[in-house]
Amino acid sequence: FGYIIAHELMHNNLNSQYADGIVSLLQDYPCVSTRNEGWADVAGCIAVLQTGVVNSTELCQHVSQAWCARTPMGYSGCSGQSHPKANVRGDALCATLRRLGY
């Protein structure tokens, strides 16, 4: 529940431009069109982790399970979607958190 609230609050950035460091931070999100959702995932999860209620392994498992899906053949690539595709979302988030030392 905390992840969802934090994620939605992080969408407050939609009216501002990304700093260069943020763009490189989101390198594990393969589609530029999903950058806003990626930022909300990463920043929201960092906020949740700062509470100390959950560790990064548990949070990654939760988010990955929430976005896990069976996908048909040909389900890949960047087609202008606004949200990361199933299975990519958790993988990209967890890779980003590991790179940040969480």
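**Exercise 1.** In this predicted model, determine which residues Trp39 is in contact with, leaving aside its neighbours within four places in sequence.

*Solution.* Step 1: locate the residue. Trp39 lies in helix α3, which spans residues 35–50.

Step 2: list the contacts. Beyond the excluded neighbours, Trp39 touches Met10, Asn13, Tyr18, Ile22, Leu25, Leu26 and Gly44.

Step 3: examine a separation along the chain. Val23 and Trp39 are 16 residues apart in sequence, and 9.0 Å separates their C-alpha atoms.

Step 4: classify the exposure. The relative accessible area of Trp39 is 18%. Because buried means under 20%, Trp39 counts as buried.

**Exercise 2.** Identify the residues with the most contacts inside the largest nonpolar core, and establish which helix gives the largest share of this core.

*Solution.* Step 1: describe the core. The largest nonpolar core comprises 18 residues, and those with the most contacts inside it are Tyr29, Val42, Cys45, Leu59, Val63, Leu93 and Leu97.

Step 2: assign the contributions. Helices α1 (2–9), α3, α4 (56–66) and α5 (88–99) each supply at least two residues of this core. The largest share, six residues, comes from α3.

Step 3: place the result in context. In soluble globular proteins, nonpolar side chains tend to be buried together.

Step 4: follow one core residue. Leaving aside neighbours within four places in sequence, Leu97 is in contact with Cys45, Ile46, Leu49, Cys60 and Tyr102.

**Exercise 3.** Characterise the packing of α3 and α5: are the two helices parallel, perpendicular or oblique to each other?

*Solution.* Step 1: take the geometry. The angle between α3 and α5 is about 55°, and their axes are 10 Å apart.

Step 2: apply the cut-offs. Angles under 35 degrees count as roughly parallel and those from 65 to 115 as roughly perpendicular. The pair α3 and α5 is therefore oblique.

Step 3: state the handedness. The crossing of α3 past α5 is right-handed.

Step 4: name the contact residues. On α3 these are Glu37, Asp41, Val42, Cys45, Ile46 and Leu49, while α5 provides Arg89, Leu93, Thr96 and Leu97.

**Exercise 4.** Explain why Cys68 does not form a disulfide with Cys94.

*Solution.* Step 1: find the distance. The closest cysteine sulfur to that of Cys68 belongs to Cys94, and it is 12 Å away.

Step 2: compare with the criterion. A disulfide requires sulfur atoms within 2.5 Å, so the sulfurs of Cys68 and Cys94 are too far apart for a bond.

Step 3: contrast the surroundings. Cys68 is exposed, with a relative accessible area of 54%, whereas Cys94 is buried at 8%.

Step 4: consider the whole structure. The search finds zero disulfides.

How values were computed: Residues numbered from 1 in each chain as written. Predicted model: local features only at pLDDT ≥ 70, side-chain atom pairs only at ≥ 80, totals over all residues. Heavy atoms only, no water. Buried < 20%, exposed > 50% of the residue type's maximum accessible area, 1.4 Å probe, protein only. Helix = DSSP H or I, 4+ residues; strand = E, 2+ residues; numbered from the N terminus. Contact = heavy atoms within 4.5 Å. Core = buried A, V, L, I, M, F, W, Y, C linked by side-chain atoms within 4.5 Å. Axes fitted to C-alpha atoms, helices over the stretch in contact; angles between N-to-C directions. Parallel < 35°, antiparallel > 145°, perpendicular 65-115°, else oblique. Left-handed = near helix turned anticlockwise from the far one by under 90°.
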